[in-house]
Amino acid sequence: MPTMGLKEVEHEITVLAPAEAVYQLIADVQNWPQIFPPTVYVDRFEQTEREERIRIWATANGQAKTWASRRVLDREKLRIEFRQEVSAPPVASMGGTWIIEPISNSESRVRLLHDYRAINDDPAGLKWIDEAVDRNSRSELTALKANVERVTASEKLIMSFEDEIEIRGSAKDVYDFINEANLWTERLPHVARVSFEQDEQGLQTLEMDTRAKDGSTHTTKSIRVCFPHYRIAYKQITLPALMDLHTGYWTFRETVNGVRAASQHTVIIKEENIARILGPQADVEKAKDYVRTALSTNSRATLGYAKEYAEAKRSK
């Protein structure tokens, strides 16, 4: 007999890939920010052979949310059950199952089941959850299908790189400089405008206009997850035209002489926009060079100003 107020829904998609490969992609949560559009960051904080506890930071109906989940993995049956331990309002409870069913050696069906309730069985809250689950489920399944079926293209279009700098200061001061993005128009010449929200400690929404070397500006919007005083992870949800995906993190590691600060980026190039942005002769490698130069220039500039800030604080 169904629990009062409990809603059950199912979404599915057919994927041109072996069921085992699809299962493995879903099982490995570390890659979720690159695979699933709503996911910003995932932290696995407890793990046994068949169970794990994870914390997920993601967007739902455009809002940043975080929750902890317990997962039970069954490789033999190609099933992954999940249950939120602490849900974010208006969700009272949320759980479900990934089920991967082989259709043939090269094709599989992915079913995503959810069950949930709203706090106090509130109709408005339930409607919000209905919309979020439907939007995110469709988005996740579409992204999963595209990621599995375009492995070759993804390998060609994806790149990861890191810039780092040594700073004779404290990790806290460097972290504070990057964390306080609401002050970047005062601290960073290449930032023209900032819109900054922090609904709860450590979960931020950052929109900004950044100046390029040629004087043009582009707008980006990111969700940031902050871990004092050693890491800030982010995912851009409004992207420049040449990017299909941009995730990254800032890290701050204490050393003997101070702190090593780094900025890491993972990018997928939007191939169909290369000719429009860089000209008809441009290829993927030129687009990668262009994007890497732009991102590294801004990262190194930001790290340089963070260095000045932290070293000045230490000298006082």
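Start by selecting β10 (203–211), β11 (217–227), β12 (231–238), β13 (243–254), β14 (259–269) and α8 (284–315): each of them puts at least two residues into the lining of the largest pocket. Keep in mind that you're looking at a predicted model.

Now colour α8 on its own. This helix is the top contributor to the lining of the largest pocket, giving 10 residues. To find the middle of the largest pocket, show Thr 210, His 218, Ala 294, Leu 295 and Asn 298 as sticks; of the 39 lining residues, these lie nearest the centre. The space in there comes to about 890 Å³. What classes of residue make up the lining of the largest pocket? Colour by class and you'll get 18 nonpolar, 16 polar and 5 charged.

Next stop: the second largest pocket, with about 690 Å³ of space. Select α2 (32–35), β3 (51–60), α3 (123–149) and α4 (151–157), then add β12, β13 and β14; every one of these supplies at least two residues of its lining. You've already met β12, β13 and β14 on the list for the largest pocket.

Which element gives the most to the lining of the second largest pocket? That's α3, with 7 residues. For the centre, pick Ile 35, Pro 37, Ala 143, Asp 244 and Leu 245, which lie nearest to it among the 32 residues of the lining. Finish by colouring the lining of the second largest pocket by class: 15 residues are nonpolar, 11 polar and 6 charged.

How values were computed. Residues are numbered from 1 along each chain as its sequence is written. This is a predicted model: local features need pLDDT of at least 70, side-chain atom pairs count only at pLDDT 80 or more; totals for chains, interfaces and linings use all residues. Side-chain values use heavy atoms; hydrogens and water are left out. On a 1 Å grid over the protein atoms alone, a cavity is a set of points where a 1.4 Å probe fits but cannot get out, and a pocket is an open set with protein on both sides within 12 Å along at least five of seven lines; lining residues have an atom within 4 Å of a point. Grid points are joined across faces, edges and corners, and a volume is the space filled by probe spheres set on the points. Helices (H or I, at least four residues) and strands (E, at least two) are DSSP runs, numbered from the N terminus. Ala, Val, Leu, Ile, Met, Phe, Trp, Tyr, Cys and Pro count as nonpolar, Asp, Glu, Lys and Arg as charged, and the others, Gly among them, as polar.
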